[in-house]
Amino acid sequence: MNDIIWLTMRRMRTPLIVLILVYSFSVLGLVMIPGVDASGREFHMDYLHAGYFIAIMATTIGFGEFPEVFTAAQRLYVFIIIFPNVIAWLYSIGTILSLFLDPQFRGVLHRTQFARRIHWISGGFYIVCGFGNTGSMIVRGLMKRGITAVILEREQEIIHSMALEDDISHLPALAGDVTDRRLLELAGLRKDNCLGIMAITNEDHANLTIAITSKLLRPELPVLARSETRRVSANMASFGTEERVDPYTIFAERLYLALTSPTKYLVQDWLISVPGSELRTEMNPPSGRWIIAGLGRFGSRIAPQLEKAGMPYTVIDVHPDRVDNREGSVLGRGTEADTLVLAGVEDAVGIIAGTGDDMDNLSIIMTALELNPNLFAVGRQEIKQNDELFDTSGADLVARRSLIVARRILAMATTPLLRVFLSHLVLEEESFARKVKARLETVLHGRAPNLWMDDLSRETAAAISIAAKEKVVIRLEHITHNLRMEKPEKLDCVCLLLERGALRLFLPGPRQELLEGDRLLFAGRGSARRLIRWTLTDPNSLISFATGRQHPRGAIGRWLARNHAG
Amino acid sequence: MNFEKVMFAFFIVLALTLNFGFFLGDIDNPDHHHAMELGAALAVSLIATVIKFGDRSQMGAVLLATSLVADLQLLLASFIWAYSAYATDAGVTGEVVASIVSLSGGALLANLVSVTILVAETITIRR
């Protein structure tokens, strides 16, 4: 606010001085020149009337009312001072208008509004740096879960176009240098209800800068950063960035999982899919020799995972140094049939089109499938606009950079326990994954689940603490039933994880006892989530269901029941 | 069937019906409004309030609040009746009855809200 006043004052200084001088000179003259009233007596105008007259004259409002009919001398004087007055006014108004249109002033105005809106955010919010495809996916996902986002973006145009989108136009957004410390502070970095920072611009270095800045200013605040090179990832890890999202590594690890344990892959995929989307069915990538076309950032992360899974592979690349020390590798682009044939496409089981160019990758997939229709094709897609092209290209698996980053960051930001569960899933025996899959299948009905956490704290789960006081044991099965029905039905949800202090129980059974302070991770339908939340705040229903007896709702009823029983 | 649930609903509905019975009639005609009925409405309303004490369900607080409003209005009406009958020379005139009945009308509204909540809750929770 101060900036605006200061800027206005500075720009308005000269026009205001001119205006005051002209105005006071005019008023003074009009007071001094004698006039004649209706009865012919001489009189002098007072300051009020003179000031009023000059004001309506100078602004050219001109109500046409005179205190008295002017004498010739008065008219002559007014005739002369009209011009400087009108000019002084136009000058001031012109300056003020140009100030409002001034980009610098508008920038300051915008920042002030931005800061004020952030000041008034009441719930938790994330600062999202970079509002490209990934950013907009993440922000929409956050909003679905009731979390606000503050948006910082380098491109002014993207911020402008945000205003046209109804669902996000109300979010505070500012264009500017996202790596600037002051901008981050303006966006609420130091506020208590800031949940964390997401550094998801296209440039690794900018993300690194944001991560460092935020770690220095608020070390305890979680930073979720995107990084596509190993060097930057390692650098970010060195100062404690909570989550470093490298889409290529994530994809490579998931491909490894798909190759070695399709069930684990499937369960993982279900849990991180967009809620409500159709569930992926079992996918079995074949075992045998693979072809990697393009050993850049993407291919070089896939190769070691293939090795780990025990699959041989042949590399096609345009860079001689990437091909030289690998036996049987082919120098070339992979888009032409002859390089693919040279790499042995006829007897390979799968191809990975991993160059940095979408069109090249599409061409590789199509040519390879023409030569060998049984190939398992994996495509790397860099640009979101090519979604349809990749969908129809016949690729079995598409690595979509922005989607991978968005899904991972959203999952980490909204359900931190999910990470714990997923890493456990990867390390556990295959039988665990099969058990999770079986449980999920019974409740999901072919649609990807919502994931949510329930905190059994005193505020959000009053029923649990009241039940504890009444010495009623509440088990998991009690809250996963619809207690509004006459015969409570099982809700469509699976409890994946129970966290109690340092204790973690994976896939707890229905008889698991719940205590105040537990944290539960659920996967299931949104309706189940609402009903569980309702149950957790309604002690009567919960205790009645848990004890199998109608729990009296009033204090007198409870007193009577106690004495009756005793 | 649960005895406590029956009592709960019984007193809440009875408070409304007695209140309505008293309210019925010309607003300033003392013959249409009986003091006994006002007394009964007040008594039942107070019992309903006590029954609602300690209700920890989602609607419990709102239910209690509506009862307290009804109590307040009926208490005020009774006080005016008693004051004009015993402490003034004019006695219970048409004007006094009008103000008593309009106060009980307010209590009627609060009781109506209370019963509406009760019914809504019963419909959403089919137990």
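**Strand β6 and the α11/α19 contact in chain A**

Within strand β6(A), A:G196 is the bridge partner of A:Y126. That pair belongs to a predicted model, so everything here is a computed picture rather than an experimental one. The wider pairing goes like this: strand β3 (residues 125–129) of chain A is joined to β6(A) by 5 bridges, and the two run parallel. β6(A) also pairs with strand β7 (residues 223–226) of chain A, this time through 3 bridges and again in parallel fashion. Here A:M198 stands opposite A:L224 in β7(A). As for its surroundings, strand β6 (residues 194–199) of chain A has 5 of its 6 residues buried, so the rest of the structure largely encloses it.

Now to a pair of helices. Helix α11 (residues 262–272) and helix α19 (residues 430–444), both of chain A, have axes that come within 9 Å and cross at roughly 45°. An angle of 35 to 65 degrees falls between roughly parallel and roughly perpendicular, and α11(A) and α19(A) are therefore oblique to each other. Their crossing is left-handed.

Which residues of α11(A) and α19(A) meet? On the α11(A) side they are A:T263, A:K264, A:L266, A:V267, A:W270 and A:L271. Facing them from α19(A) are A:E430, A:A433, A:R434, A:V436, A:K437, A:L440, A:E441 and A:L444. Sorted by character, the residues of this contact come out as 8 nonpolar, 1 polar and 5 charged.

Key: Residues are numbered from 1 along each chain as its sequence is written. Chains are lettered from A and ligands numbered from 1 in the order in which they are written. This is a predicted model: local features need pLDDT of at least 70, side-chain atom pairs count only at pLDDT 80 or more; totals for chains, interfaces and linings use all residues. Side-chain values use heavy atoms; hydrogens and water are left out. Axes are lines fitted to C-alpha atoms, for helices over the stretch in contact, and angles run from 0 to 180 degrees between N-to-C directions. Helices (H or I, at least four residues) and strands (E, at least two) are DSSP runs, numbered from the N terminus. Angles under 35 degrees count as roughly parallel, over 145 as roughly antiparallel, 65 to 115 as roughly perpendicular and the rest as oblique. A crossing is left-handed if the near helix is turned anticlockwise from the far one by less than a right angle, and right-handed if clockwise. Contact means heavy atoms within 4.5 Å. Ala, Val, Leu, Ile, Met, Phe, Trp, Tyr, Cys and Pro count as nonpolar, Asp, Glu, Lys and Arg as charged, and the others, Gly among them, as polar. Buried means under 20% relative accessible area, exposed over 50%, partly exposed in between (1.4 Å probe, protein chains only). Two strands pair if DSSP finds at least two bridges between them.
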